[in-house]
Amino acid sequence: MAASGQMKRSSHSMDKSIILPPDEIFRNLENAKRFAIDIGGSLTKLAYYSTVQHKVAKVRSFDHTGKEAVDEPLYEISVQEEVTARLHFIKFENAYIETCLDFIKDHLVNTETKVIKATGGGAYKFKDLIEKKLQLKVDKEDEMSCLIKGCNFVLKNIPHEAFVYVKHADPEFRFQTTQPDIFPYLLVNIGSGVSIVKVESEDKFERIGGSSIGGGTFWGLGALLTNTKRFDELLQLASRGQHASVDMLVKDIYGGGYSCLGLTGDLIASSFGKSATEDREFSKADMAKSLLHMISNDIGQLACLYAKLHNLNRVYFGGFFIRGHPVTMHTITYSINFFTKGEVQALFLRHEGYLGAIGAFLKGAEEDTDPNQYSWGENYAGSSGLMSVSPELYPMQRTRSGTFPFDMLEMDRLDRQLVNLPLLLDPSSYIPDTVDLTEDAMAREYWLSCFEEALDGVVSRAVASQPDLTDAKERAEKFSQKYQHKLKTLRQQPFAYGSLTVRSLLDTREHCLNEFNFPDPYSKIKQRENDWALKFFHKVVKSLESLNWEERQFSLVKGLLAGNVFDWGAKAVSDILVTDPDFGFEEAKQQLQERPWLIDTYNKWIERLKGPPHKCALFFVDNSGIDIILGVFPLVRELLCRGTEVILASNSGPALNDVTYSELQILTERIAAMDSVIQSGVQKEQLILVQSGSSSPCLDLSRLDKGLATVVRERHTDLVIIEGMGRAIHTNFYAALCCESLKLAVIKNSWLADRFGGKIFSVVFKYEQPCK
């Protein structure tokens, strides 16, 4: 690797150099442990597993035994190194396979693997070359079984993996929510030919049909008709054409539509029909467009017939032919809608090009351990996201050489399995996010600008969180550049990672912070605010105990809402907290909207509390400091006194100033030492702490720690409390549960408050009972 970052081709290969920054493409290659490769007719898809060393913020309680701890910090913070697993997926053209294999060999350090799993037709063609270059044995795997395994994997692990394409709509891409049960489905894989596979379970699938007319047909006939030899150039040519110049339409025969048969005038009656009757030259673009329509319509009709024959309404299209090309997807979608009268949807996959490589990798991983015992998550910092290949739509994508399309996927292995909250009323229709920014242009522009404006503050807090590290400022600047680039991409391609939401913008920022070793920029702020709030816990409890029952219930709710004001993720609040150090719990109460609140079902809640106590309450908590200590714990205390068990669910990892599971353990221990009700609850296991499995300020109830779901079922939970703007407004505002729920938040953003018809510091108090 030259200092310039250029990787030169070997002398016997093409003369052209490849601009290939190694830290952008072959990331973490030196730690690669396992490889898999899927070699098709023109593209090679490489998968490798590596270990990634990154910093994590750890908290450890001080030993206060036998001494006064009033003036000492509650816990200490240390930044430690941790190793996690990451999957990398990269595409490149087969013409450059030797160069890439040389590069991999040169940068591979002490790999433990001796075998590379391979699939696709090229696994046979390039077997000897791979073994020679990498000194690894090639173990070939069945292409179809790899494809299915890869498809199952992405459908389970990547929310918004599948989408419907709607031409001329805004947005063009409509993403599907993750289904709790992905089976059965039909997979139409369009490579050189077409294979149609019915998938019934992880290991049960059957090729039920196919066709020899597929991507190879389009490429071959297209090359003969237009002299265009490259597949992507042929697609681009087709995108500029007018198929009606070549195709015979219904109106060309009947002068209009054929109404008694339900055929519109613009429907194709005969592909290439005009070429036989008109004595003139046809443009290459028009012929390419006609050919694309002919093959896509044929595949669409074939898929419909098999879907109807096997009673399947989920049909996924993938393979070399699709390539995320708008005209291809539109034609297949039109065909499916026409032949099924809208009963079956054509679904496409964001990562369909990697299915074979993923499946081959999983086959190798299964020889050591079961990869399904973990969940995986897309790393937005390292993934390029879905991009249209249409250059006239998205010129940004063509800034790189076509040699290495900037199309990468990275997935991080999570510490635990993520599952649905058992209390969701209908998991298949659950949508976490309240607003889809891909559909709301005004909201999209506001939030993208909002995150851009907040970036300087995030950078300064990141640097301040690591005062002893000399390179913190340099890393923070790199983080800023990367996140700015992500925001720029999302402005032009809001569908890049699925539906664009406030949650995805927050998660992308967290991923980029972790990328540059800022695991918890708010750690010292949280430490300081936790220490401060603990000093007032006794005073708040005594004040509550002096009130009558009804006054106490209102004071508890008001205290919880006031605590939720202390959110460093809200700019209006962070500005106050920076400029006014005396702003505290009582001041926050004064900021709250007076009743009636913006959304106010408090009276209904009070009437419910006059009835029998709930068996068990699941409480998703939000911020550290005043929020958790002076807002949440007094309400927990009240619930325990009523005879209600309480499950406190907190983030597994840090995000903004949200309390984490490890911090909550220390806080609970300290409060238990101060308060007999909390102490009794802990000792009798009536108060238990669980981690949510999330490291986000928002909450996806379809991806929660399996341990949390188990406890919820075992305790017969009948009340869910969701607190905070991120968890109860940006997400889960419309979440329907099969038990009682309480969603509480203070709106700390003027624009959002205005959208809801209120003002800043408006209150949302939403008590809901399940439909009977």
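**View 1. Helix α17 passes helix α20 in a right-handed crossing.** This is a predicted model, so keep that in mind through every close-up here. In this one we're looking at α17, which covers residues 549-564, and α20, which covers residues 602-609. Their axes come within 12 Å and cross at roughly 130°, and that angle makes α17 oblique to α20. Who does the touching? On the α17 side you can pick out W549, E550, Q553, F554 and V557, while α20 brings Y602, I606 and L609. Sort these contact residues by class and you get 6 nonpolar, 1 polar and 1 charged.

**View 2. Helices α12 and α13 pack with their axes 9 Å apart.** Here α12 is residues 455-464 and α13 is residues 472-492. The angle between them is about 150°. Anything over 145 degrees counts as roughly antiparallel, and so α12 is roughly antiparallel to α13. Their crossing is right-handed. From α12, look for L455, V458, V459 and V463. They meet A472, K473, A476, F479, S480, Y483 and Q484 of α13. The tally for this contact is 8 nonpolar, 2 polar and 1 charged.

**View 3. Helices α15 and α22 cross at roughly 15°.** You'll find α15 at residues 523-534 and α22 at residues 661-674, with axes that come within 12 Å. Angles under 35 degrees count as roughly parallel, so that is the label for α15 and α22. The crossing is right-handed. K526, N530 and L534 make the contact from α15, and their counterparts in α22 are E663, L667, R670, I671 and M674. Count the classes in this contact and you reach 4 nonpolar, 1 polar and 3 charged.

**View 4. Seven strands line up in an open sheet.** Follow the strands across and the order reads β9-β8-β16-β15-β10-β11-β12, with mixed pairing. Which strands sit at the edges? They are β9 (173-175) and β12 (205-211), and each one pairs on one side only. Going from one strand to the next, the twist averages 35°.

**View 5. Strands β11 and β12 pair in the antiparallel sense.** Zoom in on β11, residues 194-199, next to β12. How many bridges join this pair? There are 6 bridges between β11 and β12. To trace one for yourself, start at V197 and hop across to R207 in β12, its bridge partner.

**View 6. Helix α9 lies across several strands of the sheet.** This helix takes in residues 326-340. The strands it lies across are β8 (162-165), β9, β10 (185-190), β15 (314-318) and β16 (345-349). Compare the helix with β16 and you'll see α9 running at about 155° to that strand.

**View 7. Some stretches of the model have pLDDT below 50.** For the protein, the mean pLDDT is 88, and 92% of its residues reach 70 or more. Residues 1-22 fall below 50, and beyond near neighbours in sequence this stretch has 41 contacts in the model. Another stretch to look up is residues 65-69, where pLDDT stays under 50. For residues 65-69 the model has 3 contacts beyond four places in sequence. Where pLDDT is low, the predicted coordinates shouldn't be read in detail.

Key: Residues are numbered from 1 along each chain as its sequence is written. This is a predicted model: local features need pLDDT of at least 70, side-chain atom pairs count only at pLDDT 80 or more; totals for chains, interfaces and linings use all residues. Side-chain values use heavy atoms; hydrogens and water are left out. Axes are lines fitted to C-alpha atoms, for helices over the stretch in contact, and angles run from 0 to 180 degrees between N-to-C directions. Helices (H or I, at least four residues) and strands (E, at least two) are DSSP runs, numbered from the N terminus. Angles under 35 degrees count as roughly parallel, over 145 as roughly antiparallel, 65 to 115 as roughly perpendicular and the rest as oblique. A crossing is left-handed if the near helix is turned anticlockwise from the far one by less than a right angle, and right-handed if clockwise. Contact means heavy atoms within 4.5 Å. Ala, Val, Leu, Ile, Met, Phe, Trp, Tyr, Cys and Pro count as nonpolar, Asp, Glu, Lys and Arg as charged, and the others, Gly among them, as polar. Two strands pair if DSSP finds at least two bridges between them. pLDDT is the predictor's confidence in each residue, from 0 to 100.
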